[in-house]
Structure formats: structure tokens, C-alpha cells
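This report concerns charged side chains and their partners in a protein model. Please examine the sequence and the structure shown below before reading on.

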Amino acid sequence: MRTGDIMATAPAGVGAFNVIQLEHAEAIVSGAEAAGAPVVLQISENCVRYHQALKPIALACLAVAESSAAPVAVHLDHATDRALVEEAVRLGVGSVMYDASALPDAANVAATAEVAAWCHQRGAWIEAELGEIGGKDGVHAPGARTDPGKAASYVAATGVDALAVAVGTSHAMTSKDAVLDLALIAELHRAVPVPLVLHGSSGVPDASLREAVRHGMKKINIATHLNRAFTGAVRDHLTADATVVDSRKYLARARTAVTQEVTHLLTLLTT
């Protein structure tokens, strides 16, 4: 299943959560099943680097998705390497984000259009980004904004299926105090003919996430928030029992913590 297929049938927002290891994928899918909602499992370029290869984590996510009672798409997130995009599609990953936002505008358009055409020829769905969204290195940049006219032109020139936009979020935030530009979201929604994607959503308060969806945001990317829940559960378990050596004991706690957060967030986005 592709991310676009899920978004086409979802009545409201679609949660897209980043996977680091198998327990994350299992927890995210369990949370989707509990919420009765579709979900996207995202594999980032950083995750691939951590595992030292795409294939093991991609095939694991695809297997978890296939066995789920909820609709699940597997998505390659923030890939700057075209070879990685091509490998993902060949492995069966039906959705990718090709990120050429660090390039000058003309080069971004040219590279993204080529990758989009390649993906479409193979039935894959593609997301892209016009200009860098703040905080990829953890620096909060609330002033970054996407121009609606430029966004519409970019989509027309590249042929992408969804667009990540800058509306006040920042990647890797550990506090929920990002202030969204809801008026801009609504303007972008009117101007851009493809679904909008909110990156850096871990820093957005719950009420604002719901408002973002109501104003036109469709795909909501969350990573750091789940990592905090996962790590916090591991830390609490090891602090409470310094003698534990079986990693299944604390990873199971972490998996449960992430499941609970995913259930809460998907319920929030879909109601």
C-alpha cells in the first residue's frame, strides 16, 4: 500500500511515524489497530545509516505492515540519495520522500522532477520539499515559511504527489511549543493541488495538530515525540530494576509506551 492510497481514503489527517527498530514498527501498527486508523511507517535516511543498510529494516516494516489489521503504508523519509530511493522502490516500498531542498531552487526542481518521473513509471508515490524546513539539526527556526505561489509552481514543475511545507514547525523538537501559521496552511491548501505534509510535528501541541488538519494539512510526520516515549520507558525500567539483563523486558515496556502515544495521536488526528 502507498501513502497516497491511505491519504486518498482517510477522512482527516494521516499520522506518519518514524521507525528506528523493529519494536517501533510493531508499536506503531499496534497503535493504529487500537485507534482503528490507517498509519504510515517511515524509514529515514538516518535510520538506514544506523542499520548500515536499507533492506533489513525495510523488509521488516513491510512484513509488519502486511500482517496488520489496519491499513499501513511503508514510506522512505527524507532521502537525499537517489540511489536509496531507487533501492527502496525495488524492495517494495511504495512511497518515498525525495529531499533535494538543500539544492538551489532550479537544481531542486530538475532533480526532483527526474526522480518523480522515475517513481511514477514504477507506480511509486513521491513527496518532496521546496526549501528547507527549519531545525534539521535540532535548531528551532519558527520563521521559516513556504510561499504559496512558489509551492504551486514547484508542484507543477516537478509532478510530485505531496509537498512538505514550512509553517512554523522545526525538526527534532523535544518541547511542544511550536506555533503554527494556520492562515498560511489554509492559503497553501487552496493554492497547492496535492496533499500538504507537516514535518517536525513532535513540537506541535495536540490542539494545534488538530487545527492544522482542519485548515488543510493531510500528512503529519512525528518522530522525536515517540523517541522520547520509547527512551523514557526504557530509562524508567532500568532505573527501577538495576539487575535486569534481558532486553526484552525493557524493550517491551518501550513498545507499549509508543503504542499508547500512537493510539492517542491517531485518535486526535482522525476525529
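What is the relative accessible area of Arg255? In this predicted model, the value for Arg255 is 32%, and the residue is therefore classed as partly exposed.

**Salt bridges**

The model contains ten salt bridges. Three of them, including the one formed by Arg255, are set out in the table, with the separation of the closest N and O atoms.

| Basic residue | Acidic residue | Closest N and O atoms |
|---|---|---|
| Arg2 | Asp5 | 3.3 Å |
| Arg255 | Glu26 | 2.9 Å |
| Lys219 | Glu127 | 2.9 Å |

Arg255 forms its salt bridge with Glu26. Because Arg255 belongs to helix α11 (residues 247-270) and Glu26 to helix α2 (residues 22-35), this pair ties together parts that are 229 residues apart in sequence. Glu26 is partly exposed, with a relative accessible area of 26%.

Lys219 is the partner of Glu127. Here the two residues lie in strands: Lys219 is in β8 (residues 217-222) and Glu127 is in β5 (residues 125-129), so their salt bridge ties together parts that are 92 residues apart in sequence. Are these two partners buried or exposed? Lys219 has a relative accessibility of 0% and therefore counts as buried. Glu127 likewise counts as buried, with a relative accessibility of 0%.

A network is also present: Arg82, Glu86, Arg90 and Glu114 are joined into one by salt bridges that share partners.

The salt bridge between Arg2 and Asp5 has its closest N and O atoms 3.3 Å apart. Arg2 is partly exposed, at a relative accessible area of 28%. Asp5 is also partly exposed, and its relative accessible area is 33%.

**The surroundings of Asp181**

Where in the chain is Asp181 found? Asp181 occupies the loop that runs between β6 (162-165) and α8 (182-191). With a relative accessible area of 25%, Asp181 is partly exposed.

Which residues does Asp181 contact once its neighbours within four places in sequence are left aside? They are Arg145 and Val167. Asp181 and Val167 are 14 residues apart along the chain, and their C-alpha atoms are separated by 5.4 Å.

**Summary**

Among the pairs described, Arg255 and Glu26 link helices α11 and α2, while Lys219 and Glu127 link strands β8 and β5. Asp181, in its loop, has contacts with Arg145 and Val167 beyond its neighbours within four places in sequence.

Definitions and conventions:
Residues are numbered from 1 along each chain as its sequence is written. This is a predicted model: local features need pLDDT of at least 70, side-chain atom pairs count only at pLDDT 80 or more; totals for chains, interfaces and linings use all residues. Side-chain values use heavy atoms; hydrogens and water are left out. Helices (H or I, at least four residues) and strands (E, at least two) are DSSP runs, numbered from the N terminus. Buried means under 20% relative accessible area, exposed over 50%, partly exposed in between (1.4 Å probe, protein chains only). Contact means heavy atoms within 4.5 Å. A salt bridge is a side-chain nitrogen of Lys or Arg within 4 Å of a carboxyl oxygen of Asp or Glu.
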